[in-house]
Amino acid sequence: MKRDFDLIRSILLQIEAAPAGTFPQSFTMPEGVSPQNLVEHLQLMIEQGLIEGEVYSVSECSFDIQKLTWAGHDFLDAARNDTVWNSAKEKLISVGGSASLEILKALLVQTAKQLLGLPP
């Protein structure tokens with residue numbers, strides 16, 4: 001499985017959109033994403049500290065999401081704007097297409113600053 005930041009962003013947006021005190025037990029997935037791939041990404045997001053929850057079974061797609069963490073909110077705030085997101089993705093693609101979460105977040109913040117006319 002290859003890590004998919006578009007999927008991670010989509011998951012975070014869906015968790016954030018859930019009414020207070022409730023958490024999604026299913027997600028709207030982009031075309032071509034299997035339920036197992038979704039659950040593997042949830043596990044990665046838990047390991048990275050973007051969300052709190054537990055994956056019980058990847059093969060059975062069994063999980064429990066408890067909350068979006070502070071780090072998850074910070075990443076989502078940097079990634080929320082479609083213009084910033086797409087611009088940062090284009091920059092990544094131009095240099096090979098992959099990066100760590102920390103580099104992607106830094107690139108998103110830098111891109112937002114440029115679009116706002118702020119110094120780097």
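In the predicted model, helix α4 passes α5 in a right-handed crossing. Helix α5 spans residues 101–116, and its axis comes within 9 Å of that of α4. The two axes cross at roughly 120 degrees. Angles of 65 to 115 degrees count as roughly perpendicular and those over 145 as roughly antiparallel, so α4 is oblique to α5. On the α4 side, the contact is made by Thr-83, Val-84, Trp-85, Ser-87, Ala-88, Lys-91 and Leu-92. On the α5 side, Leu-104, Leu-107, Leu-108, Thr-111, Ala-112, Gln-114 and Leu-115 take part. By class, the residues of this contact divide into 9 nonpolar, 4 polar and 1 charged.

Helix α4 also meets α1. Here the axes come within 12 Å and cross at roughly 160 degrees. An angle over 145 degrees counts as roughly antiparallel, and α1 and α4 are therefore roughly antiparallel to each other. The crossing of α1 past α4 is right-handed. Helix α1 contributes Phe-5, Asp-6 and Arg-9 to the contact, and α4 contributes Asp-82, Trp-85 and Lys-89. Charged residues number 4 in this contact and nonpolar residues 2, with no polar residues. Trp-85 belongs to the contact of α4 with α1 and also to that of α4 with α5.

A further partner of α1 is helix α3, which covers residues 70–79. These two helices pack at an angle of about 110 degrees, and their axes lie 10 Å apart. The angle falls in the range of 65 to 115 degrees, which makes α1 roughly perpendicular to α3. Helix α1 passes α3 in a left-handed crossing. From α1, the contact draws on Arg-9, Leu-12, Leu-13 and Glu-16. From α3, it draws on Gly-72, His-73, Phe-75, Leu-76 and Ala-79. The residues of the contact comprise 5 nonpolar, 2 polar and 2 charged. Arg-9 takes part in the contact of α1 with α3 and in that of α1 with α4.

The largest pocket has a volume of about 270 Å³. Its lining is formed by 13 residues. Nearest its centre lie Arg-3, Phe-5, Leu-92, Gly-97 and Ser-98. Two elements, α1 (5–17) and α4 (82–94), give two or more residues to the lining. Helix α4 supplies the largest share, 4 residues. The lining of the largest pocket holds 6 nonpolar, 2 polar and 5 charged residues.

Two of the residues nearest the pocket centre recur in the helix contacts. Phe-5 lies nearest the centre of the largest pocket and belongs to the α1 side of the contact with α4. Leu-92 is likewise among the residues nearest the centre, and it is part of the α4 side of the contact with α5.

Methods
Residues are numbered from 1 along each chain as its sequence is written. This is a predicted model: local features need pLDDT of at least 70, side-chain atom pairs count only at pLDDT 80 or more; totals for chains, interfaces and linings use all residues. Side-chain values use heavy atoms; hydrogens and water are left out. On a 1 Å grid over the protein atoms alone, a cavity is a set of points where a 1.4 Å probe fits but cannot get out, and a pocket is an open set with protein on both sides within 12 Å along at least five of seven lines; lining residues have an atom within 4 Å of a point. Grid points are joined across faces, edges and corners, and a volume is the space filled by probe spheres set on the points. Ala, Val, Leu, Ile, Met, Phe, Trp, Tyr, Cys and Pro count as nonpolar, Asp, Glu, Lys and Arg as charged, and the others, Gly among them, as polar. Axes are lines fitted to C-alpha atoms, for helices over the stretch in contact, and angles run from 0 to 180 degrees between N-to-C directions. Angles under 35 degrees count as roughly parallel, over 145 as roughly antiparallel, 65 to 115 as roughly perpendicular and the rest as oblique. A crossing is left-handed if the near helix is turned anticlockwise from the far one by less than a right angle, and right-handed if clockwise. Contact means heavy atoms within 4.5 Å.
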